[in-house]
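Please examine the structure shown below and work through the exercises on its sheet and helices.

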Amino acid sequence: MSESGGAGPTDADAPRGKVRVFLVDDHHLFLSGVRAELGDAVEVVGDADEVGAAIELIGERVPDVVLVDVHMPDGGGQAVIEAIGRSHPQVRFLALSVSDAAEDVIGVIRAGARGYVTKTISGLELTDAVARVAGGDAVFSPRLAGFVLDAFAADPGAAGGAVPTFDPELDQLTPREREVLRLIARGYAYKEVARELSISVKTVESHVSAVLRKLQLSSRHQLTRWASERRLL
Amino acid sequence: MGGGVAGGLSARFGIDANLIRFAFVLVAIGAGTGLAAYVVAWLVVPAEGSTTSIGRRALKDRRTVALAFAFVTALVAVLLVFGALGLTFAANLVWPVSITLGGLVLVWRGSDDEERAHLSELMGRAPLIGSPERRTRRSTIGRVLVGAVLVVVGLGDLVASSHPLLNTIKAVLAANVVIVGFLVIFGPWWLRLARDLAVERRERVRNEERANMAATVHDSVLQTLALIQRAAGDHGEVTRLARAQERELRAWLFEGRAPGSFHRDVSTVSQAVTVIEGDVEASHRVAVDSVTVGDCELTTELRALLGAGREATVNAAKWSGASSVSLFVEVEPTQVSIFVRDRGVGFDPDAVDGDRQGIAESIRARMQRHGGRATIRSAPDQGTEVELVMPRTGAGRE
C-alpha cells in the first residue's frame with residue numbers, strides 16, 4: 001500500500017511510495033514478462049486476462065495505474081478504461097499496444113488512457129512511463145506525437161471534411177504545443193525538449209497534458225473517425 | 001418462370017438462367033413432358049438463395065404426398081375418360097403424362113427418405129440429393145422400377161407408332177418419356193455428382209488457400225524464428241530480425257502485400273520512409289523509429305530529399321554507435337522536412353574527420369542542387385541531428 005494514498009484525483013505530485021500497478025493482458029506470456037520487467041520498481045497488485053475480470057478486480061483493488069492491452073476480446077482495453085473511468089475516475093491508464101498504428105491507439109486515448117507504449121518498450125522505459133502516468137502526466141511516444149500533428153494539421157481544408165465545428169480551444173494546437181510535439185516526434189525526451197526550447201520540464205509536461213486533453217475531447221473529424229472505426233472493430 | 005427453378009439451377013451449375021429457361025420452354029413444347037420435368041426440378045432443386053428445396057419441405061408433410069397421389073390418379077382418370085370419349089390426342093397423352101407425374105411423385109418420395117436421413121448432418125449445407133450409400137434400398141428399387149417402366153413404355157410407344165399423321169407427335173412424346181425415364185433413374189445420381197464436384201471444388205480452393213498461407217508463413221515467419229533461435233545470444237540481431245519480420249507481417253496482413261514482394265515502386269513520401277526504415281534496419285543492426293506526418297506524391301526534389309535522408313540515416317546507423325535512430329518526416333504545404341537524430345557518439349562538425357565530412361558534404365550538395373538545405377548539429381557525446389528541408393515547388397499550392 002502506498003503511504004501517500006496516491007489514489008487522489010488531483011494532478012499533484014507523483015505518489016512517493018511505490019506505485020500500485022495492475023496489469024491487464026490476455027497474453028499470459030506477456031503478463032509475466034511485464035511483471036518481471038517492472039520488478040521492484042512498482043508494486044504489482046494484480047492482473048487479469050479478460051475484460052470482465054479486469055473491471056471487477058480493478059474496482060476492488062483501486063490501483064494507481066493500470067497497464068492495459070489495447071487488443072483483447074470483448075471490447076479490449078477501451079472497454080476496461082470506459083467502465084473504470086465511470087466508477088473510479090482516479091485510476092489512471094497506460095495503454096500497451098503491440099502496434100502503434102493510429103487506429104489502435106486513438107480509441108484508447110480518447111477513452112481516457114493517459115498515454116500508450118508499444119510492447120517492445122524496454123523495462124526501464126516502461127517503469128518511467130508508469131511513474132509519469134501515476135504523476136498525472138501524459139506519455140507520448142514519437143509516433144503518437146506524429147499522429148497528433150497529423151490529426152491537428154494546420155489547414156482544415158486538407159482534412160477535406162464538411163465545415164469543421166471549430167472550437168479553437170480544443171480543435172487547434174498552439175504553436176508552442178506544435179513545437180513540443182515536433183521535438184517529441186523527432187525523438188527528443190521531455191528533458192531534451194525542455195533544453196531545446198529553454199523551458200522547464202514541468203512546462204513541457206503541461207503542454208503535453210494539454211495536448212492529451214485536446215486529443216481526448218476534440219471533435220476534429222480525423223479523431224472522431226479514428227475513434228468510431230475503433231469502436232466498429 | 002414460376003418456381004424459380006431456372007435461377008436455382010443456374011446458381012448451382014453456373015449456367016445462365018435465361019439459357020435454362022429457354023431449354024425448359026423448348027422441352028415444354030415437346031408435348032408437356034418438359035413441363036413435368038420443370039415441376040420435378042422445381043420440387044428438387046433449391047431456389048437461388050434458399051437451402052431447402054420445395055420438395056423437401058413439401059414431403060415433410062405426408063398430407064402433401066397423399067394429395068399429390070390423389071391429384072395424379074384424378075388426372076389419370078380424367079385422361080382415360082377423354083380417351084374413352086374418342087379424343088385421341090388426349091388419349092395419347094394419358095400414359096406419358098400420368099406415368100410421368102405418378103412416377104415422379106414416387107421419385108421425390110424416394111429422395112425424401114434419404115434427404116431426411118441426411119437432414120441432421122447436412123444442416124447448413126444445401127444438399128440436392130443425398131449420397132446413395134445412405135439411401136434406403138426400398139426407395140432405390142422403387143425409383144429404378146419407375147424409371148424402367150417409363151423407359152419401357154416410351155420405347156413401346158416408339159415401336160408401336162404406325163399412324164403416319166400421329167407418328168411425329170407420338171415419337172416426340174415417346175422420346176420425352178424415355179428421357180424422363182433416364183432422368184428418373186440417373187437424375188439423382190447426376191445431381192449428386194454435380195454437387196460433389198461443387199463441394200470438391202470449394203474444398204480444393206480452400207486447400208489451395210491454406211497451402212499458400214502455409215507457404216507464405218513458412219517462407220517468412222518460420223524462417224525468421226529459426227534465425228532468431230540461432231542468433232539467440234545476439235541481442236541486436238534478434239531485435240533486427242524481429243522488427244523486420246514484424247514489418248513484413250504487418251504489410252502482409254493489413255496492406256495485402258505478400259512477404260518478399262516488398263514493393264520498390266514507391267510513389268509517396270510515407271512509402272519511401274517505410275522503405276528507408278526497412279532497408280537501414282535490414283543492413284545495419286539498428287532500430288529506425290520513423291514518424292511521418294502528412295503525405296504527398298514524390299517529385300524529383302522530394303526524391304532527392306529522401307535520398308539525402310536515407311544517407312543521413314545510414315550514417316547514423318553506421319557511425320553513431322546508438323542502437324536506434326529517429327527519423328521524422330513532416331510534409332507541410334510549402335516544404336517537406338526530415339530530421340534524422342541519434343543519441344550516439346556525435347562529432348565536432350568543425351574538427352572534421354575527413355570521411356564523415358565527405359558524407360556530410362554529399363548530403364549538403366545533394367540538397368542544394370535541388371533548392372533545399374541541410375543542417376547538421378552534432379557535438380561529441382551529444383548525438384547528432386541532421387535537418388533536411390526541401391521546399392515544395394508548385395505541387396504544394398493546390
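The exercises that follow concern a predicted model, and each is given with a worked solution.

**Exercise 1.** Determine the strand order of the open sheet in chain A and identify its edge strands.

*Solution.* Strands of a sheet pair through backbone hydrogen bonds, either parallel or antiparallel. The open sheet of chain A has five strands in the order β2-β1-β3-β4-β5, and the pairing is parallel. At the edges stand β2 (43-48) and β5 (116-118) of chain A, each of which pairs on one side only. On average, neighbouring strands of this sheet are turned by 20° against each other, direction ignored.

**Exercise 2.** Describe the pairing of β1(A) with β2(A), and state which helices pack on the sheet.

*Solution.* Strand β1 (residues 20-24) of chain A is joined to β2(A) by five bridges in the parallel sense. Within this pair, Phe22(A) stands opposite Gly46(A) of β2(A). Helix α3 (residues 76-87) of chain A lies across β1, β3 and β4 of chain A, and runs at about 150° to β3(A). Helix α5 (residues 123-134) of chain A also packs on the sheet, where it touches β1, β3, β4 and β5 of chain A. The direction of α5(A) makes about 150° with that of β4(A).

**Exercise 3.** Classify the packing of α9(A) against α10(A).

*Solution.* First, take the geometry: α9 (residues 175-185) and α10 (residues 190-197) of chain A pack at an angle of about 130°, with their axes 10 Å apart. Therefore α9(A) is oblique to α10(A). Next, identify the contact: α9(A) contributes Glu179(A), Val180(A), Leu183(A) and Ile184(A), while α10(A) contributes Val193(A), Glu196(A) and Leu197(A). Finally, sort these residues: five are nonpolar, none is polar and two are charged.

Terms used: Residues numbered from 1 in each chain as written. Chains lettered and ligands numbered in written order. Predicted model: local features only at pLDDT ≥ 70, side-chain atom pairs only at ≥ 80, totals over all residues. Axes fitted to C-alpha atoms, helices over the stretch in contact; angles between N-to-C directions. Helix = DSSP H or I, 4+ residues; strand = E, 2+ residues; numbered from the N terminus. Parallel < 35°, antiparallel > 145°, perpendicular 65-115°, else oblique. Contact = placed C-beta atoms within 7 Å. Nonpolar A, V, L, I, M, F, W, Y, C, P; charged D, E, K, R; others polar. Pairing = 2+ DSSP bridges.
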